[in-house]
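Good morning, and thank you for coming. I would like to walk through one model today, beginning with strand pairing and ending with a single helix.

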Amino acid sequence: MSPQILYPSPIETAISRIESLLDERWQDLISRRSIALLLLQQDPKIRSQLQQQPYFPEIERIIAKTQASMDESLTYAIAQSRHQIAMDIDRDATVNLRKRPIVEDEWLHNLTVHPVTGIPILLLVLYFGVYQFVGVFAGGTLVDGIEGFFESQINPIVNTVVGSIFPWQVIQDLFANDYGIITLGIRYGVAIVLPIVTAFFLMFSFLEDSGYLPRLSLLMDRLFKTIGLSGRSVIPLILGLGCGTMATLVTRTLESKRERIIATFLLALTIPCSAQLGVIVALLSQEPSALFVWSTVMVGIFLSIGFLAGKIVPGESSCFCMEIPPLRLPRIQAILTKTYVRLKWYFWEIMPLFIFASVLIWLGKLTGIFDLVVRGLEPVMLWLGLPQEAAPTFLYGFFRRDYGAAVMFDLHSAGILTGQQLVVAAVTLTLFIPCVAQLQFMFKERGAKNTVVIASFVVLFAFSLGYLLNQLLTIMELSF
Amino acid sequence: MFSQQFSQGFSVHYCPLDYLGTKTQGMIAAIRNKDEKVVKKLLAMGVHSGMQITLEQRFPSFVIRVGRTRIAIDKKIANSIKVKVVSR
């Protein structure tokens, strides 16, 4: 067995010339032949390491000369030689491989990727996987149970204990009562986020291991191209229906900077997270026509704003290239392990943010800044045709995305919000700035400049669209 | 975009993949894409000159089978794969 691959002669010549230029010290780390090959393939890391060396210009000259003498790019030629060897080894090593019919899973594959059957399957997967399992079961049933337990059993104990330790109301509010670190921050993490995100990760790991996700990307690629994204972005956007914060983090798997910015933007503006989705759907489903207006407006905004973003955000449009693995029945053990590892990581990442949010609310109330903001929002509410009482929903909604919608529910029950106002408020609140955790992750992933631009646009757009929608519904004399 | 070459008296068609119909089989003649990253990615997935290629689907995305691998690509990448058609 030969230990080395023999490349086409111009490349071999270049390799030995570059090898002779490199100094001794490289020998211990990687063989000089490997370094020469990496340089010929324009590897950015090794290039930046050698940039300072006096012999680097000479290496550049050798590479340019070699490239000029070949038809194909050096990368291509090198890969081709390697692939040839691999094929030869494969031929020698595989014995008597009968032409096995690979057709076993073929019918299922065809069902999932054919546009006529694939799209309905996709909708079913989203409806049962995301809406029913994550939204209704985890976001509704489980959250109600666990949160109810917290509010009735744990919070009163915490309030009493904190109250007996600290005689000062201000300190008590920091840890307990309505917005305390324990009673709000930790309760929110454990009672709301944990069940929803667990359900979501379970479903997501199942889809991932079954090999369905690449097929989903394949089906959506054309549509997503029109909004400046590629099929690959389907995955973070679907994650966004679970938790926008996590989805913002996952946008780092996208290939181009342009695609990452557009996906982050659409997540911030249009995609409601499962907590929010649950409350809004519950609120509006009493009026099917209101639910219809809300979802039509949201889908319309998603497509049109995405289309505009695709035109405006600079950069090359992204390409789509993805391996389609065979469909498999996932192993339960693997799904559970994956879910556990993700959950553990996610929880430690997100928990400090919830605690931070509680502290911010505490500070805001203490300093009176919150009252100021609420008073500033009141005229905006009137402008949207909403009652003044709706102002705090927007402020608190920023700290707890579902909280805003929940307060709306109370306002509706008290008869303060009527049908049309409910639709306008639901649309504006969905569009409005995502929760504080997502904003923090936008800072972390996309940088301050992009975050400021996106956030200011989102606020402006949410209120302007709410205004327009209110006018439009009034003119059309739609009543709910 | 069709280029014809005459070798040993046969006419050979090198055709961009996106011009072909489904179920076309052929051999990859070349990969031509300005974006080196795309070429590298295709190479890493085993899409090389000389490999057998089958076009399985054209819509909503192009689906190809190369060796034992199945890959979904968009029209732009499909255009950069030039194929010598064996059977249609």
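In chain B, strand E4 (residues 52-57) and strand E5 (residues 62-66) run antiparallel and are joined by four bridges. A word on terms: helices (H or I, at least four residues) and strands (E, at least two) are DSSP runs, numbered from the N terminus, and two strands pair if DSSP finds at least two bridges between them. This is a predicted model, in which local features need pLDDT of at least 70, side-chain atom pairs count only at pLDDT 80 or more, and totals for chains, interfaces and linings use all residues. Residues are numbered from 1 along each chain as its sequence is written, while chains are lettered from A and ligands numbered from 1 in the order in which they are written.

Returning to the strands, a hairpin of four residues connects E4(B) to E5(B), and Thr54(B) has Arg65(B) as its bridge partner in E5(B). Arg65(B) is in turn partnered by Arg70(B) in E6(B). E5(B) and E6(B) are antiparallel, with five bridges between them. Their hairpin has two residues between the strands, and Gly67(B) there takes a positive phi near 60°.

Which strand of chain A is joined to E6(B)? It is strand E1 (residues 321-323), which runs antiparallel to E6(B) with three bridges. Here Met322(A) has Ala72(B) as its bridge partner.

That brings us to the contact between the chains, where two residues are in contact if their C-beta atoms, placed from the backbone, lie within 7 Å. The contact takes 20 residues from chain A and 23 residues from chain B. On the chain B side, helix H1 (36-44), strand E6 (69-73) and helix H2 (75-80) each supply at least two residues. The largest share, seven residues, comes from H1(B).

Chain A itself has 22 helices and one strand. Along its principal axes, its C-alpha trace spans about 85 × 55 × 45 Å.

I close with helix H18 (residues 369-383) of chain A. Why is a span of 21 Å expected for H18(A)? The expected span is 1.5 Å times one less than the number of residues, and H18(A) has 15 residues; its end C-alpha atoms are 22 Å apart, which agrees. H18(A) nevertheless bends by about 25° at Leu377(A), with Pro379(A) following within four residues; the bend is the angle between axes fitted to the seven residues ending at a residue and the seven starting there. Just after H18(A), Gly385(A) takes a positive phi of about 80°.
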